[in-house]
Amino acid sequence: MIISTGLACAILVGGFILLVALRVPVAFALAISTVPIVVMELRLTPFIVLDRMFQSYNSFILLAVPFFLLAANLMNSGKVTDKLIDLARVLTGWMPGGLGHVNVAVSMLFAGISGSSTADAAGCGKILIPAMIKEGYDRRFAIAITACSSVMGVIIPPSILMIVWGGVMQTSVGALFLAGAVPGIMIGLALMATVYGYAKVYNYPIIGKPSFSDIVTAFKGAFLAMLTPILVIGGIVGGVVTPTESAIIAAGYSLILGMFVYRTVTIKDLGHIFYDTGRFASISLFAIGSASAFGWLLAFYHVPQLVVDTMTAWQFGTFGTALVIAGLFLFFGLFIDAIPTIIILGTVLLPVATAADIHPVAFAIIGIVSLAFGLVTPPYGLCLLISASIGGMNVVQVMREVVVILLPMLAILLLIILFPEIALWLPRQLMPDTIN
């Protein structure tokens, strides 16, 4: 039979929602929901869908994903996180709510190395959540600020989500990296302002002012680690290396730091590190394949064009369309991992953004920042789940603090929507030939 667009949408989306509600993993739910369409539609065969999945992997840029994950795992295993915490402590620990500021600052530093929010939440959370509780911070606040600050891992460059976005949408990864820098720093400053407010209200302690020798020691300890974002971002922006090559450099550099400089990674540790990296990378890449097949079927039934026509008829304008786009990414981020959401929703909304005169890079940053919030909002909320597990509490118990901390972060997202130059300024300065 020939399936209509409406029926195809109902089967695909309805089947996917049902499977997710039944606790089927998202990557498998996307793949399984395509089966009824393939069986019923005369114009399709299973081989076509499988071919679309395999074609999605035929992208050199996607090789960057496992290598950035490997770099993050090597950094965590190599105790580089400890060096970053020491640096963050001397930079921000002297302010009211010292350890809270350290938590935010180290997330900003770690984000510039790993590109992974979950690695940030796990690596930094294991050290800082117990330390904050010991210093007298409310357990719920310690968990919430750790989870919320970790989202900067996918906003401040380098970012795995930006690499996937660039590969799927054919957007310059270097431009995306530069575009995420200013919004990421603004979110970090908003979080630090929130910590300051909590510290004043609850009288949280100050670590104390560091001596000059403490500052020098911290900078010396973290200096080599902080070269990572310079090597990665500088190489891409300068046109010296591709994103994939920069990820390989980051992983190799992290391996050298762990094994030969800090000497905290042994040959015996490498087996576990490689296994964890392969496991997480395979999950992400399988999600890319199944989401690509799902998205291709939506395109086969002209769903993106239907969405463009509908939203154009409503005449939201540039600002209104950007708000709707952000709202959709925020909503989908509640339930689905960011990578399949980028492939499915991003490809559908790209023509909508183009029709509304939203710059492709600004569209990307709005989408990525919106999706980042999904890492700390149930039922998905992976970073919140990790932080709550470390802190020994239920997610529901910390939701009040999470909502309070998210409010200023949402205000930054609104500013990016209102003034897209916040994201576009830096790439226009450093990559004028790419951004126009």
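The following exchange examines how several labels applied to this predicted model rest on their definitions.

In this predicted model, local features need pLDDT of at least 70 and side-chain atom pairs count only at pLDDT 80 or more, whereas totals for chains, interfaces and linings use all residues. Residues are numbered from 1 along each chain as its sequence is written, and side-chain values use heavy atoms, with hydrogens and water left out.

Me: What is the mean pLDDT of the chain?
Reply: The mean pLDDT (the predictor's confidence in each residue, from 0 to 100) is 87, and 99% of the residues reach 70 or more. Among the elements, helix α15 (residues 303-314) has the lowest mean, 78, and helix α18 (residues 360-373) the highest, 95. Helices here are DSSP runs of H or I with at least four residues, numbered from the N terminus.

Me: Why is Ser 117 called buried?
Reply: Buried means under 20% relative accessible area, exposed over 50%, and partly exposed in between (1.4 Å probe, protein chains only). Ser 117 has a relative accessible area of 3%, and is therefore buried.

Me: Which backbone oxygens lie at 2.8 Å and 3.4 Å from a polar atom of the Ser 117 side chain?
Reply: They are the backbone oxygen of Ser 150, at 2.8 Å, and that of Val 151, at 3.4 Å. Ser 117 itself lies in helix α8 (residues 117-134).

Me: Why is the pairing of Glu 41 with Arg 43 called a salt bridge?
Reply: A salt bridge is a side-chain nitrogen of Lys or Arg within 4 Å of a carboxyl oxygen of Asp or Glu. The closest N and O atoms of Glu 41 and Arg 43 are 3.0 Å apart, so the pair qualifies. Glu 41 is buried, at 1%, whereas Arg 43 is partly exposed, at 44%. The structure holds 5 salt bridges.

Me: What separates Asp 276 and Arg 279 along helix α14?
Reply: These residues are separated by about one helical turn, because they are 3 residues apart in helix α14 (residues 267-300). Their side chains meet in a salt bridge at 3.2 Å, N to O. Asp 276 counts as buried because its relative accessible area is 16%, while Arg 279 is partly exposed at 35%.

Me: Why is Leu 323 called partly exposed?
Reply: Its relative accessible area is 37%, so Leu 323 falls between the two limits. Leu 323 lies in helix α16 and is one of the residues of a nonpolar surface patch with about 500 Å² of accessible area together. Helices α16 (317-333) and α20 (399-418) each supply at least two residues of this patch, and the largest share, 3 residues, comes from α20.

Definitions and conventions. Patches are made of residues with over 30% relative accessible area and no salt bridge: like charges are joined within 9 Å, nonpolar side chains (Val, Leu, Ile, Met, Phe, Trp, Tyr) within 5 Å. Accessible areas come from the Shrake-Rupley method with a 1.4 Å probe; for residues, only the protein chains shown count as cover. A polar contact is a pair of N or O atoms within 3.5 Å; within protein, one must be able to donate a hydrogen and the other to accept it, and residues adjacent in sequence count only if both atoms are side-chain atoms.
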